[in-house]
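Please examine the chain shown below, with attention first to its individual residues and then to its overall architecture. The paragraphs that follow lead from one to the other.

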Amino acid sequence: MSERQNGQHPVQDTMRVTMEEIRSMVDANTIIGTPIHCEGGTTVIPVSKISFGFASGGSDLPTKVAKDMFGGGGGAGVTVTPVGFLVINGTDVKLMQLSINASPTNAVVNMVPDLVDKLTAFLTKKQEEQMLNATQGE
């Protein structure tokens with residue numbers, strides 16, 4: 001079995017390097033992106049889903065020189081998929097999902113706040129009109 005002077009098997013170095021590379025590609029800023037400040041005070045923040053995997057392995061090979069006994073490798077794959085945007089306007093925060101990833105149930109749930117806002121505005125306007133008409137009729 002091939003070992004280095006520090007007692008670690010070469011496959012440990014292969015795995016360590018692979019994981020360090022994944023860490024350098026995937027961080028919190030990849031999932032919740034950098035805020036984009038627009039005119040009018042609106043801020044848009046991209047939101048993504050990340051999937052990754054890695055594999056690493058090796059084998060001791062029969063040779064006459066001990067330092068050449070190990071053969072191995074590692075690899076990783078990362079997928080970044082945009083899922084939506086957080087839209088912040090004043091105190092109003094909305095999650096705008098991309099239609100690719102939105103299920104019908106999620107779409108309905110996401111429409112509820114807008115529907116409530118529109119219904120409230122409509123009823124308030126109707127109530128104000130009724131009060132105005134009642135005041136003018138006196």
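Is M19 buried, partly exposed or exposed, and what is its relative accessible area? In this predicted model, M19 has a relative accessible area of 25% and is therefore partly exposed, since the buried class is confined to values under 20% and the exposed class to values over 50%. M19 is found in helix 1, which covers residues 10-25. Its C-alpha atom is separated by 8.4 Å from that of A76, although the two residues are 57 residues apart along the chain.

The wider setting may now be considered. The chain holds three helices and four strands, and from the N terminus on these elements follow the order α-α-β-β-β-β-α. Of the 138 residues in the chain, 14% are buried. The accessible surface comes to about 10500 Å², and carbon and sulfur atoms account for 59% of that area. Among contacts between residues at least 6 apart in sequence, 49% join residues at least 24 apart.

The strands form an open sheet of four strands in the order 1-2-3-4, with antiparallel pairing. Strand 1 and strand 4 (92-97) stand at the edges and have a single partner strand each, so one side of each is left without a neighbour in the sheet. As a general matter, strands of a sheet pair through backbone hydrogen bonds, in either the parallel or the antiparallel sense.

Two of these pairings can be followed in detail. Strand 2 (residues 42-60) pairs with strand 1 (residues 36-37) over two bridges, in the antiparallel sense. The hairpin of strand 1 and strand 2 has four residues between the strands, and in this hairpin G40 takes a positive phi near 90°. The pairing of strand 2 with strand 3 (residues 70-89) is likewise antiparallel and extends over 19 bridges. Here G53 has G77 in strand 3 as its bridge partner.

Which residue in strand 2 does H37 stand opposite? The residue is T43, and a polar contact of 3.3 Å joins the side chains of T43 and H37. T43 has a relative accessibility of 13% and therefore counts as buried. When its neighbours within four places in sequence are left aside, T43 is in contact with P35, I36, H37, L86, V87 and I88.

Strand 2 also contains F52. Because its relative accessibility is 47%, F52 counts as partly exposed. With M25, V78 and V80, F52 makes a nonpolar surface patch of about 340 Å². M25 belongs to the residue range of helix 1 (residues 10-25), whereas V78 and V80 fall within that of strand 3 (residues 70-89). Strand 2 thus holds both T43, which is buried at 13% relative accessibility, and F52, which is partly exposed at 47%.

Note on methods. Residues numbered from 1 in each chain as written. Predicted model: local features only at pLDDT ≥ 70, side-chain atom pairs only at ≥ 80, totals over all residues. Heavy atoms only, no water. Buried < 20%, exposed > 50% of the residue type's maximum accessible area, 1.4 Å probe, protein only. Contact = heavy atoms within 4.5 Å. Areas by Shrake-Rupley, 256 points an atom, 1.4 Å probe, with all protein chains shown as cover. Pairing = 2+ DSSP bridges. Patch = residues over 30% accessible without salt bridge, like charges linked within 9 Å, V, L, I, M, F, W, Y side chains within 5 Å. Salt bridge = Lys/Arg side-chain N within 4 Å of Asp/Glu carboxyl O. Polar contact = N/O pair within 3.5 Å; in protein donor to acceptor, adjacent residues only side chain to side chain.
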